[in-house]
Amino acid sequence: MLQKEFEDRIGRSVSEQEYLDANYMYENAGDMDKDEFCREWLKIGNSRLVKCLAEKIYLLNKYLQEKDKRQNELREIISNDADSILEIENLVLKGETTERITKLLDHQVWLMIGAKELILRKINMDMDLSEFEKNYIKEYIK
């Protein structure tokens, strides 16, 4: 709702901040129409309780937007990982060398969890380390 509409409905001028607060609450009020919202605003709009609840709604909405953003980023990462794994599978089916497949798999795991975690897991599983991984350890220890 526009500031002029809000002011006409409540019968007085408001500061920009009061309008922004009211409009934010209106946008989050669900099925309330403008007239009903303005009648309620006149009754309790400046209530500390209402302001605290509106602030909580704002923070929760912000949190949900961030969560959705992270979730979409993770979906994209998982999708890319799936494509990479299928590309490696295709190379296996075409008879690519074990050495090349091992390098590609190690690289994919490195992208997924990082070099340090890859190396720790390989050590825990008693797997051989590549020269890159050995050099990484040497650099990390320095």
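Tyr26 is buried, and Phe37 is buried too. Both values come from a predicted model. The two rings form an aromatic pair. Their centres lie 5.4 Å apart, and their planes meet at 65°. That geometry is edge-to-face, because planes over 60 degrees apart count as such. The pair links distant parts of the chain. Tyr26 sits in helix 2 (residues 16-27), and Phe37 sits in helix 3 (residues 34-44). In sequence, 11 residues separate them.

This pair belongs to a wider group. Phe6, Tyr19, Tyr26, Phe37 and Trp41 form one aromatic cluster. Across the whole structure, a search finds 6 aromatic pairs.

Another of these pairs is in helix 7. Tyr136 and Tyr140 are stacked, with 6.0 Å from centre to centre and 20° between the planes. Both tyrosines lie in helix 7, 4 residues apart, which is about one turn of the helix. How exposed is Tyr136? Its relative accessible area is 28%, so Tyr136 counts as partly exposed. Tyr140 has a relative accessible area of 51% and is therefore exposed, since the cut-off is over 50%.

Now turn to the packing of helices. Two packed helices are described by the angle between their axes and the distance between the axes. Helix 4 (residues 48-93) packs with helix 5 (residues 98-113) at an angle of about 175°. Their axes are 10 Å apart. The angle makes helix 4 roughly antiparallel to helix 5, because angles over 145 degrees count that way. Which residues make the contact? Helix 4 contributes Asp81, Ser84, Ile85, Ile88, Leu91 and Val92. Helix 5 contributes Ile101, Leu104, Leu105, Gln108 and Met112. By class, the residues of this contact divide into 8 nonpolar, 2 polar and 1 charged.

Look at single residues of helix 4 next. Ser84 is in helix 4 and is one of the residues in the contact with helix 5. Its relative accessibility is 22%, so Ser84 counts as partly exposed. The cut-off for buried is under 20%, so Ser84 does not qualify as buried. Ser84 and Leu104 are 20 residues apart in sequence, and their C-alpha atoms are 8.9 Å apart.

Glu87 also has its place in helix 4. Is Glu87 buried or exposed? At 53% relative accessibility, Glu87 counts as exposed. Leu104 serves as the reference point again. The C-alpha atoms of Glu87 and Leu104 are separated by 9.6 Å, with their positions 17 residues apart along the chain.

Lys62 is found in helix 4 as well. Its relative accessibility is 48%, so Lys62 counts as partly exposed. Lys62 and Glu36 are 26 residues apart in sequence and 26 Å apart in space, C-alpha to C-alpha.

Helix 6 (residues 115-124) comes last. Which of its residues are buried? Ala115, Leu118, Ile119 and Lys122 are. Seen down the axis of helix 6, these buried residues fall within an arc of 95°, so they line one face of the helix. What covers them includes helix 5 and helix 7 (131-141). Helix 5 is also the packing partner of helix 4, and helix 7 also holds the stacked tyrosines, Tyr136 and Tyr140. After helix 6 comes Asp126, whose phi is positive, near 55°.

Terms used
Residues are numbered from 1 along each chain as its sequence is written. This is a predicted model: local features need pLDDT of at least 70, side-chain atom pairs count only at pLDDT 80 or more; totals for chains, interfaces and linings use all residues. Side-chain values use heavy atoms; hydrogens and water are left out. Axes are lines fitted to C-alpha atoms, for helices over the stretch in contact, and angles run from 0 to 180 degrees between N-to-C directions. Helices (H or I, at least four residues) and strands (E, at least two) are DSSP runs, numbered from the N terminus. Angles under 35 degrees count as roughly parallel, over 145 as roughly antiparallel, 65 to 115 as roughly perpendicular and the rest as oblique. Contact means heavy atoms within 4.5 Å. Ala, Val, Leu, Ile, Met, Phe, Trp, Tyr, Cys and Pro count as nonpolar, Asp, Glu, Lys and Arg as charged, and the others, Gly among them, as polar. Buried means under 20% relative accessible area, exposed over 50%, partly exposed in between (1.4 Å probe, protein chains only). The arc is that of the directions from the helix axis to the C-beta atoms. Rings of Phe, Tyr and Trp (its six-membered ring) pair if their centres lie within 6.5 Å; planes under 30 degrees apart count as stacked, over 60 as edge-to-face and the rest as tilted.
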